[in-house]
Amino acid sequence: MYKSKSLGKNTFYFYEHTLSSNAFRRFTLESDLKNAIQNQQLSLHYQPKVCSKDGVIMSAEALIRWQHPVLGFISPAEFIPIAEQTGQIISIGNWVIREASKMAVKWCEYASFNNVAVNVSAIQLAQDDFIEQTIITLKKAGCNPSYIEIEQTESALMDNMQDNIEVLKRLKQAGFTLSLDDFGTAYSSLSQLSQLPIDILKIDKSFVDNCATCEKAHMVVKTIIQLAANLNMKTIAEGVEDKEQLAILNSEGCFMYQGYFYSKPLPVEEFEKLLAQQIRHVS
Ligand code: C2E
Ligand code: CA
Ligand code: CA
């Protein structure tokens with residue numbers, strides 16, 4: 001049933017032996033996810049987002065991690081879709097915002113640090129009380145909305161464009177920074193893009209990967225950066241892994257980057273060490 005559902009509506013799929021182990025894993029994850037917050041198995045890692053010109057850490061993206069007691073590390077790419085299908089993403093997403101906002105309050109004391117970015121699922125955004133609940137959560141942590149950046153994927157946003165625009169406008173009014181994740185992988189039209197109250201376009205890793213070795217990929221990156229500038233948006237490149245890619249991005253005027261070249265996502269303590277080191281370095 002799950003296999004068939006994952007292929008879309010009104011489909012069928014014949015039973016295969018391998019399915020039973022996949023189905024069993026899914027069943028285990030789905031049922032164990034219910035208690036993962038309570039059992040303190042979830043944590044957030046933070047990946048620095050740095051200024052392309054001088055390498056100063058300006059922000060951090062919160063990325064969720066699940067350490068399962070038996071199955072070990074489970075990738076968010078595997079369990080977030082399950083959480084979305086079961087509705088558990090609401091409580092998990094709220095937990096993410098709660099934890100990230102505590103860190104944002106602390107780290108935004110550094111003058112060069114602007115905000116902490118959280119990934120918000122389209123399911124969360126579609127909840128009538130999403131903004132109210134988020135603001136309540138932030139207030140409890142003493143966190144100003146301007147300390148939080150909300151990342152929405154281009155594909156999720158385009159699925160329900162009109163409703164999503166309204167929510168994004170309200171979030172922007174409330175003071176949040178908004179960014180469009182995985183940009184270039186869905187098919188938003190230029191007219192849709194110009195209507196969005198987005199501050200930052202995140203250039204998808206697939207374009208960054210080849211930008212230093214393939215002229216066409218380079219031109220795509222250049223075009224996205226120019227498009228963003230013309231629409232009054234900033235750009236950040238995702239998944240930068242070497243200095244050649246960074247040199248291209250820098251020469252084309254990409255504002256920020258994140259990726260293994262600078263740092264992998266880090267546990268809180270390690271991220272804080274990196275941030276503190278930098279402050280010492282600057283002063
Ligand atoms: P994403 O938001 O596009 O995050 C970027 C992913 O690329 C992360 O994978 C990050 O660890 C990885 N990455 C960053 N730099 C590099 C690099 O230089 N090279 C390579 N190969 N990978 C890099 P991760 O942490 O496994 O997250 C996967 C996806 O899961 C995220 O993609 C996001 O869509 C989702 N996700 C993660 N945390 C959350 C969350 O709290 N809520 C929601 N709704 N989704 C989340
Ligand atoms: Ca993201
Ligand atoms: Ca992304």
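Buried means under 20% relative accessible area, exposed over 50%, and partly exposed in between, with a 1.4 Å probe and protein chains only. By that measure Glu238, a ligand of one calcium ion, is buried, with a relative accessible area of 12%. The structure is a predicted model, in which local features need pLDDT of at least 70, side-chain atom pairs count only at pLDDT 80 or more, and totals for chains, interfaces and linings use all residues. Residues are numbered from 1 along each chain as its sequence is written, chains are lettered from A and ligands numbered from 1 in the order in which they are written, and side-chain values use heavy atoms, with hydrogens and water left out. Helices (H or I, at least four residues) and strands (E, at least two) are DSSP runs, numbered from the N terminus.

**The calcium ion (ligand 2)**

- Donors are N, O and S atoms within 2.8 Å of the metal (3.2 Å for Na, K and Ca); water is not among the atoms, so sites may look incomplete.
- The calcium ion (ligand 2) has as its donors Glu61 (OE), Asn119 (OD1), Glu151 (OE) and Asp181 (OD), at 2.2 to 2.3 Å.
- Along the chain, these donors follow the spacing E-x57-N-x31-E-x29-D.
- Asn119 belongs to strand β4 (residues 115–119) and Glu151 to strand β5 (residues 148–153), so this pair ties together parts that are 32 residues apart in sequence.
- Asn119 is partly exposed, with a relative accessible area of 30%, whereas Glu151 is buried at 1%.

**The calcium ion (ligand 3) and the shared residue**

- The calcium ion (ligand 3) is coordinated by Asp181 (OD), Asp182 (OD) and, through two entries, Glu238 (OE), at 2.2 to 2.5 Å.
- The spacing of the donors of this ion along the chain is D-D-x55-E.
- Asp181 coordinates both the calcium ion (ligand 3) and the calcium ion (ligand 2), and the two ions are 4.1 Å apart.
- Asp181 sits in strand β6 (residues 177–183) and Glu238 in the loop between β8 and α12 (243–251), so the pair ties together parts that are 57 residues apart in sequence.
- Asp181 is buried, with a relative accessible area of 5%.

**Helix packing around α6**

- Two packed helices are described by the angle between their axes and the distance between the axes.
- Axes are lines fitted to C-alpha atoms, for helices over the stretch in contact, and angles run from 0 to 180 degrees between N-to-C directions.
- The axes of helix α4 (residues 89–107) and helix α6 (residues 130–141) come within 9 Å and cross at roughly 40°.
- Helices α4 and α6 are therefore oblique to each other, given that angles under 35 degrees count as roughly parallel, over 145 as roughly antiparallel, 65 to 115 as roughly perpendicular and the rest as oblique.
- The crossing of α4 with α6 is right-handed; a crossing is left-handed if the near helix is turned anticlockwise from the far one by less than a right angle, and right-handed if clockwise.
- In this contact (heavy atoms within 4.5 Å), Asn94, Ile97, Arg98, Ser101, Lys102 and Val105 of α4 meet Phe130, Thr134, Thr137, Leu138 and Ala141 of α6.
- The residues of the contact of α4 with α6 comprise five nonpolar, four polar and two charged; Ala, Val, Leu, Ile, Met, Phe, Trp, Tyr, Cys and Pro count as nonpolar, Asp, Glu, Lys and Arg as charged, and the others, Gly among them, as polar.
- The axes of α6 and helix α8 (residues 161–174) come within 10 Å and cross at roughly 25°, which makes α6 roughly parallel to α8.
- On the α6 side Phe130, Ile131, Glu132 and Ile135 meet Val167, Arg170, Leu171 and Ala174 of α8, a contact of six nonpolar, no polar and two charged residues.

**Positive phi in two loops**

- Most residues other than glycine have a negative phi, and most peptide bonds are trans.
- Gln40, in the loop between α2 (17–33) and β1 (42–51), has a positive phi near 55° and counts as exposed at 71% relative accessibility.
- Asn232, in the loop between α11 (215–230) and β8 (234–237), has a positive phi of about 65° and is exposed, with a relative accessible area of 72%.

**A residue of helix α12**

- Ile248 is in helix α12 and counts as buried at 17% relative accessibility.
- Leaving aside residues up to four places away in sequence, Ile248 touches Cys211, Ala212 and His218.
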